[in-house]
Protein chains: 2
Amino acid sequence: MDREGYGLVDALVQASFTTMAVLNKAAADHDLSLTQLRVVGILADRRLRVSDLAAYLGLEKSTMSGLIDRAEKRGILTRLPSETDGRAVDVTLTPAGRALADRIHARVRAGLSPMTGGLTAAEKTRLRGLLEKILMPNGSPRLP
Amino acid sequence: MDREGYGLVDALVQASFTTMAVLNKAAADHDLSLTQLRVVGILADRRLRVSDLAAYLGLEKSTMSGLIDRAEKRGILTRLPSETDGRAVDVTLTPAGRALADRIHARVRAGLSPMTGGLTAAEKTRLRGLLEKILMPNGSPRLP
DNA sequence: TATTGTTATACTCTATAACTATA
DNA sequence: TATAGTTATAGAGTATAACAATA
């Protein structure tokens with residue numbers, strides 16, 4: 001059987017769990033859940049509608065409402081009426097939210113450095129290329 | 001600045017989220033959460049104490065109790081008294097749980113194949129090697 | 001005394017269903 | 001009629017604190 005593919009799947013799953021543990025820690029350091037961390041990361045350079053966020057994250061709109069409620073209450077983001085659709089609501093980071101996004105990004109890079117730091121520059125380039133190749137542009141949810 | 005390392009971190013995070021989405025879907029197909037899926041996967045070929053499971057997953061013992069309660073109620077696993085420590089409780093999969101573990105493993109492989117399938121055999125080998133290299137044997141929780 | 005595990009409590013995450021307002 | 005978003009409800013995941021039993 002495909003012994004080679006087997007080992008790859010295991011390595012990919014293992015590396016993903018390890019990466020997620022780092023992200024989780026980074027989020028917890030800022031009193032955020034992993035999902036909140038994602039929302040902040042996505043909104044760092046975008047303004048999106050509630051339904052777009054939900055679709056990209058694979059969550060129900062009602063779940064999104066709750067997440068936004070709690071983040072808004074903490075001053076991380078704000079709701080704005082869409083300028084083109086009377087039914088829609090846009091979400092953007094507040095200045096405080098943008099500052100938080102910067103801190104988180106730095107924190108994630110630092111947290112991941114023990115993993116990536118052992119690679120040579122050539123290996124980093126090769127790994128990045130291979131990871132981008134398996135990201136399958138079709139099939140995953142896209143941002144508008 | 002380290003422009004190269006930056007792209008790698010992003011690719012790693014992105015690939016991890018995509019992988020997690022696949023695992024989540026596989027778990028949902030069997031009415032499991034991601035954490036339950038991990039528990040089943042870990043116990044597939046091991047018998048562990050509650051506290052070892054909690055430590056490896058980075059969860060509190062009380063959280064572990066709840067997870068085990070629900071899985072036990074569904075007939076996936078069972079609690080057994082430790083043979084060496086009167087305070088400890090071992091956890092193992094039931095035959096039904098082991099069958100479930102097999103189905104999940106196949107399901108995960110199938111779910112991930114669109115990602116890994118685009119690589120040549122040589123690329124798979126290279127990617128697996130690089131992923132294993134960043135798994136940093138020190139720093140992550142270990143199984144006993 | 002320290003460790004193992006459970007229980008009680010509280011909060012977040014998540015989905016489903018029912019609803020309002022707009023397209 | 002269909003879509004965008006909210007609210008109500010319920011269950012799972014999670015942590016903290018208090019506890020019983022064993023080491």
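This passage describes the fold of chain A in a predicted model, together with selected residues of chains A and B.

The secondary structure of chain A comprises six helices and three strands, and these elements follow one another from the N terminus in the order α-α-β-α-α-β-β-α-α. Taken along the principal axes, the C-alpha atoms of the chain fill a box of roughly 55 × 30 × 25 Å. Of the 144 residues of chain A, 44% count as buried, and the accessible surface of the chain comes to about 7,500 Å², with 52% of this area belonging to carbon and sulfur atoms. When the contacts of chain A with a separation of 6 or more are considered, 54% of them are accounted for by residues 24 or more positions apart. Chain A carries 21 positive and 16 negative charges, and the mean positions of these two sets are 2 Å apart.

With regard to aromatic groups, a search of the whole structure returns zero aromatic pairs over all chains. Rings do, however, take part in arrangements with charged side chains, and these join the two chains in both directions. R38(A) lies over the face of F17(B), at 4.0 Å from the ring centre, while the charged end of R38(B) is placed over the ring of F17(A), 4.0 Å from the centre of that ring.

The loop between β2 (77-81) and β3 (89-93) of chain A contains A88(A), and S82(A) is found in that loop as well. A88(A) has a relative accessible area of 12% and is therefore classed as buried, the cut-off for this class being under 20%. S82(A), with a relative accessible area of 14%, is likewise buried. Apart from neighbours within four places in sequence, A88(A) is in contact with R49(A), P81(A) and S82(A); under the same exclusion, the contacts of S82(A) are with A88(A), V89(A) and D90(A), so that each of the two loop residues appears among the contacts of the other. A further relation links A88(A) to S51(A), which is 37 residues away along the chain, the C-alpha atoms of the two residues being separated by 8.3 Å.The backbone at D31 merits separate description. Most residues other than glycine have a negative phi. D31(A), although it is not a glycine, has a positive phi of about 55 degrees, and D31(B), also not a glycine, has a positive phi of about 55 degrees. D31(A) lies in the loop between α1 (3-29) and α2 (34-43) of chain A, and D31(B) is located in the loop between α1 (3-29) and α2 (34-43) of chain B. D31(A) counts as exposed because its relative accessibility is 61%, and D31(B), with a relative accessible area of 61%, is exposed.

Finally, E132(A) is part of helix α6 (residues 121-133) of chain A. This residue has a relative accessibility of 45% and therefore counts as partly exposed. E132(A) and H105(A) are 27 residues apart in sequence, and their C-alpha atoms are 20 Å apart in space.

Note on methods:
Residues are numbered from 1 along each chain as its sequence is written. Chains are lettered from A and ligands numbered from 1 in the order in which they are written. This is a predicted model: local features need pLDDT of at least 70, side-chain atom pairs count only at pLDDT 80 or more; totals for chains, interfaces and linings use all residues. Side-chain values use heavy atoms; hydrogens and water are left out. Helices (H or I, at least four residues) and strands (E, at least two) are DSSP runs, numbered from the N terminus. Buried means under 20% relative accessible area, exposed over 50%, partly exposed in between (1.4 Å probe, protein chains only). Contact means heavy atoms within 4.5 Å. Accessible areas come from the Shrake-Rupley method with a 1.4 Å probe; for residues, only the protein chains shown count as cover. Lys and Arg count as positive and Asp and Glu as negative; His and the chain ends are not counted. The place of a charge is taken as NZ of Lys, CZ of Arg, CG of Asp or CD of Glu. Rings of Phe, Tyr and Trp (its six-membered ring) pair if their centres lie within 6.5 Å; planes under 30 degrees apart count as stacked, over 60 as edge-to-face and the rest as tilted. A charge sits over a ring if NZ of Lys or CZ of Arg is within 6 Å of the ring centre and within 35 degrees of the ring normal.
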